[in-house]
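Visitor: I should like to learn how to read the features of a structure such as this one. Where should one begin?

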Amino acid sequence: MPAEPRPGRGWLLRLVIAFAFAQGAVSMARPAVSYRALSLGADERAIGVIAGVYALLPLFAAVPLGRRTDHGRCAPLLPAGVLLIGGGCALSGTSGSLAALAAWSGVMGLGHLCFVIGAQSLVARQSVPAEQDRNFGHFTIGASLGQLVGPIAAGYLISERDGAMARTSALALLVSAAVAAVSLTSLWRIEHRRAAGSSRGAAPKVPVGSILRTRGVPAGIFISLAVLSATDILTAYLPVVGEHRGIAPPPREGAGRTRCCAKRAEGTRTRPRPAPSARCRRSRRARARRRRPAGCWWRRTSPRRSCPGRRRRPWRRRCAASRRPRPRP
C-alpha cells in the first residue's frame, strides 16, 4: 500500500501569519480598552475588574474546548476565535458604559482562547514527532510579532489632545477588529483530512484531577499563571500609571511637528549672526578677485562709481556675516 503523502509546510506559514494578526489585534485592544475605560470615568478598581473579566469566560470554557478538540476537528475553532476577537473589539469601541465594556472584553478573551487552543492542536496533529518542537517554535513567532506591533499601533492611534481620548480609543478598537479580520484570509483549508480523520479514534475521557496530578503539570501551570498575570497587569495598568503621572499618549496629528519646525525656523532667523573673522574676509576677497569678470569696474563696495584719477577700491563679495551696516567714524 502506498504511503500517504505528508503535508507540506505551507499550512504552518499561513497559521503563523494568521496568529500574528490575531495576536496583534488582541495586543492592540488591551491597552485601548484601558484608555476607553479611563475616558468613561473608570478608576483603578474598575480597570482591574475589566482586566479580570477578560479571563473569566476562558476560565470556564478552557476544559470543554480542549475536550472538543480531542474528539473532533480543531480548524473550526480558528475562524470562531477570530470572529469573537473582532466582535469583542468592535463592540468595545462602540460601548458607552463600563459594564458593556467589561462584557465585550470577556468575549474578546474567549475568542483569544479559542484561537490559541485550535492553533496549538493543529500544530500538534499536523507535525511529525521529529518536527513538533521546531513547528511550535515557528508558531510562537506569530505571537511575538503581534505582541510587538499591537501596542505600538495602539499608541500611535490613541491621543489625549483636546479631549479626544474617547474618540481615539474607540478608533483603535475598531482598527484592531479590522486587523483580526485580516487573519481570516490565511485560514482557508488549513487542516488536512488525514489529520482530521486521525483524531476521531481518540482515547477515552481523562479526569481533570488525574491530569493535574501528572508530574510537571502543576509546575507548568504555576509558571504560566505567573507570566500571564504579570503580562496582564502590565498591559492593563500601564495606561493608568501614565494617566496619573501625566504621561499622555503622543499626538498623532502632524500639527505638533509642523509647529515645532516653525519655531525652530523662527529661532534660526532671529538668532544673531556672528561677526566675520579676518580669515573669512581675506578668503572672500581672494575668490572675488579671481572671479571678477573684465569690464565690471563699477562693482565696488562703495555705492558711488569711481571717477578717473581716483584710486579704485578692490572689488569684493561680502560674506553673509558681514552684510550688517557698519558704523561710520
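Guide: One begins with the order of the elements. In this predicted model, the protein chain runs α-α-α-α-α-α-α-α-α-α-α-α from the N terminus on, with 12 helices and 0 strands.

Visitor: What share of the contacts with a separation of 6 or more is made by residues 24 or more positions apart?

Guide: Such residues account for 82% of those contacts in the protein chain. Of its 329 residues, 34% are buried.

Visitor: How does one read a single helix, for example α4?

Guide: One may set its reach against the expected span. Helix α4, residues 77-94, has 18 residues and extends 26 Å from its first C-alpha to its last, close to the 26 Å expected. Buried in α4 are L77, L78, G81, V82, I85, G86, G88, C89, S92 and G93. They lie on the same side of α4 because they cover an arc of only 165° around the axis.

Visitor: Which residues are exposed on the other side of α4, and what covers the buried ones?

Guide: L83 and T94 are exposed there. The cover of the buried residues includes α1 (10-39), α3 (56-70), α5 (98-126) and α7 (165-182).

Visitor: Which residues form a nonpolar patch on the surface?

Guide: The patch consists of L13, I17, F21 and V182, with about 320 Å² of accessible area together. Its largest share, 3 residues, comes from α1, while V182 is found in helix α7.

Visitor: Why does V182 count as partly exposed?

Guide: Its relative accessibility is 34%, and partly exposed covers the range between under 20%, which is buried, and over 50%, which is exposed.

How values were computed:
Residues numbered from 1 in each chain as written. Predicted model: local features only at pLDDT ≥ 70, side-chain atom pairs only at ≥ 80, totals over all residues. Heavy atoms only, no water. Helix = DSSP H or I, 4+ residues; strand = E, 2+ residues; numbered from the N terminus. Expected span 1.5 Å × (residues − 1). Buried < 20%, exposed > 50% of the residue type's maximum accessible area, 1.4 Å probe, protein only. Arc of directions from axis to C-beta. Contact = heavy atoms within 4.5 Å. Patch = residues over 30% accessible without salt bridge, like charges linked within 9 Å, V, L, I, M, F, W, Y side chains within 5 Å. Areas by Shrake-Rupley, 256 points an atom, 1.4 Å probe, with all protein chains shown as cover. Salt bridge = Lys/Arg side-chain N within 4 Å of Asp/Glu carboxyl O.
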